[in-house]
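Here are a few short exercises on charged side chains, each with a worked solution. Have the sequence and the model open as you go.

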Amino acid sequence: MATYDKNELTKRVFSSLILIPVVLFVIIEGSILFNLFITICFIITAYEWLQMSKLNIQKIFGLFFIIISFFTIYKIRNDFDQDYFYILLITIICISTDTGGYIFGKLFKGPKLTKLSPNKTYAGVIGSFLFSIIISILFFELMSKIHNYRFTEEKIIFVLAVSLVSQMGDIIISYFKRLFKVKDTGNIIPGHGGILDRIDGMIFAFPFSYIILLFWNF
């Protein structure tokens, strides 16, 4: 079992080292490249959901939500004044949330968070919030050299709220995977599974963030 975990971790790290820079580049570049990228991700995500879900009502509801989610991703990237800033921030929050939860969960283990997702622990939740704050601070520090951005108390609330929604999304998709008796939604990404496995938190975090940003353009 230890060997398996090590192999999976190696695959996970290697895939992340390739994927994260590509995703960040596409987000910053924007335009047709970004639209093509999210269209491909949407098609694969929708396919994975339709393949995984068993009942027609689940297929329809899930597909409708995925459409809304990707639409908000498009809107955040293309409609707000700060260009790629918001979508990059939200993406970084979700990635650091996932990474912090994984690292703290593996290192400290401890009590389980919920039966809906047995692998989730309280230590993982703390790690998710902690990593999202630390990485966001570093992101704002970097962006302050380009634009006049400051990491204020209001932004801390935003980061924690997005991190929380991302974690809830992760738990919800984990629940459906257990319900449908599948380990991963796909196998397109070595060590990670499918696209939906990687963006489970994001597809909830982006609609939430879009609603917030409509009323609070910080």
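**Exercise 1.** In this predicted model, find out what the side chains of Lys177 and Asp197 meet in, and where the two residues sit.

*Solution.* Start with the N-to-O distance between the two side chains, which is 2.7 Å. The cut-off for a salt bridge is 4 Å, so this pair qualifies. Next, place the partners: Lys177 belongs to helix α6 (residues 153-179) and Asp197 to helix α7. With their positions 20 residues apart, the pair links distant parts of the chain.

**Exercise 2.** Decide for Lys177 and for Asp197: buried or exposed?

*Solution.* Buried means under 20% relative accessible area. Lys177 has 12%, so it counts as buried. Asp197 has 2%, so it is buried as well.

**Exercise 3.** Work out which helices are linked by the salt bridge of Arg198 and Asp98, then classify the accessibility of Arg198 and of Asp98.

*Solution.* The closest N and O atoms of this pair are 2.8 Å apart. Arg198 lies in helix α7 (residues 195-199) and Asp98 in helix α4 (residues 85-108), so 100 residues separate them and distant parts of the chain are linked. For accessibility, Arg198 is at 22% and therefore partly exposed. Asp98, at 24%, also counts as partly exposed.

**Exercise 4.** Do the same for the salt bridge between Lys183 and Asp184.

*Solution.* Here the closest N and O atoms lie 3.5 Å apart. Lys183 has a relative accessible area of 58%, which means exposed. Asp184 has 30%, so it is partly exposed.

**Exercise 5.** How many salt bridges does the model hold by this rule?

*Solution.* The count is five, including the pairs worked through above.

Conventions:
Residues numbered from 1 in each chain as written. Predicted model: local features only at pLDDT ≥ 70, side-chain atom pairs only at ≥ 80, totals over all residues. Heavy atoms only, no water. Helix = DSSP H or I, 4+ residues; strand = E, 2+ residues; numbered from the N terminus. Buried < 20%, exposed > 50% of the residue type's maximum accessible area, 1.4 Å probe, protein only.
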